[in-house]
Amino acid sequence: MGIVAHPQYNCTYICGEDFESSLLSFEKLDRASPDLWPEQLPGVSEFAASFKNPITNSPPKWMAELETEDIEMLKELGSLTTANLMEKVKGLQNLAYQLGLEESREMTRGKFLNILERPKK
């Protein structure tokens, strides 16, 4: 298309294929040089190198601490559809709300019975 003048901003710009070709860069960047590309965060290179092989025989650390019941729960939740998962979340929210109400009643009861009162010195 070519060069087009924009009257509102009092400038010109390139459009069409000329514009796209003007954005290309054929510069070769050599990232091997530590002077040009110093390590931004110390230790990141070693950390990244430790994860080169993502397939391992041992389970991740967080998985080692789980019991069989926990793993079964994860499998069950993973097999739920979105709607079923949302229903499960709503049930947990309702349960948390009911527990909050029950705790509030017990705290009020403890207050009236002076269970929570600190001993006088």
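**Close-up views of a predicted model**

The salt-bridge count for this chain comes to 1, where a salt bridge is a side-chain nitrogen of Lys or Arg within 4 Å of a carboxyl oxygen of Asp or Glu. This is a predicted model, in which local features need pLDDT of at least 70 and side-chain atom pairs count only at pLDDT 80 or more, while totals for chains, interfaces and linings use all residues. Residues are numbered from 1 along each chain as its sequence is written, and side-chain values use heavy atoms, with hydrogens and water left out.

**View 1. The whole chain, from strands to helices.** Here you can follow 2 strands and 5 helices in the order β-β-α-α-α-α-α. Both kinds of element are DSSP runs numbered from the N terminus: helices are H or I with at least four residues, strands are E with at least two. Of the 121 residues, 3% are buried; buried means under 20% relative accessible area, exposed over 50%, and partly exposed in between (1.4 Å probe, protein chains only). Among contacts with a separation of 6 or more, 0% join residues 24 or more positions apart, a contact being heavy atoms within 4.5 Å. The accessible surface is about 12200 Å², with 58% of that belonging to carbon and sulfur atoms; areas come from the Shrake-Rupley method with a 1.4 Å probe.

**View 2. Helix α4, residues 68-79.** How many of the 12 residues of α4 are buried? The count is 0, so this helix is hardly covered. Its end C-alpha atoms are 17 Å apart, which agrees with the 16 Å that 12 residues should span at 1.5 Å a residue. The expected span is 1.5 Å times one less than the number of residues.

**View 3. Helix α5 and its salt bridge.** Helix α5 covers residues 82-112, 31 in total, and reaches 45 Å from first C-alpha to last, close to the 45 Å expected. Within α5, R109 and E106 sit 3 residues apart, about one turn of the helix. Their side chains meet in a salt bridge at 3.5 Å, N to O. Side chains of opposite charge can pair when their charged atoms come close. E106 counts as partly exposed because its relative accessibility is 43%.

**View 4. The segment after α5.** Which residue just after α5 takes a positive phi? It is N114, with phi near 60 degrees, in a residue other than glycine. Most residues other than glycine have a negative phi. N114 is partly exposed, at 49% relative accessible area. L113 also lies in the segment after α5 and counts as exposed because its relative accessibility is 53%.

**View 5. A nonpolar surface patch.** M107, L113, I115 and L116 together offer about 430 Å² of accessible area in this patch. Patch residues have over 30% relative accessible area and no salt bridge; nonpolar side chains (Val, Leu, Ile, Met, Phe, Trp, Tyr) are joined within 5 Å, and like charges within 9 Å.
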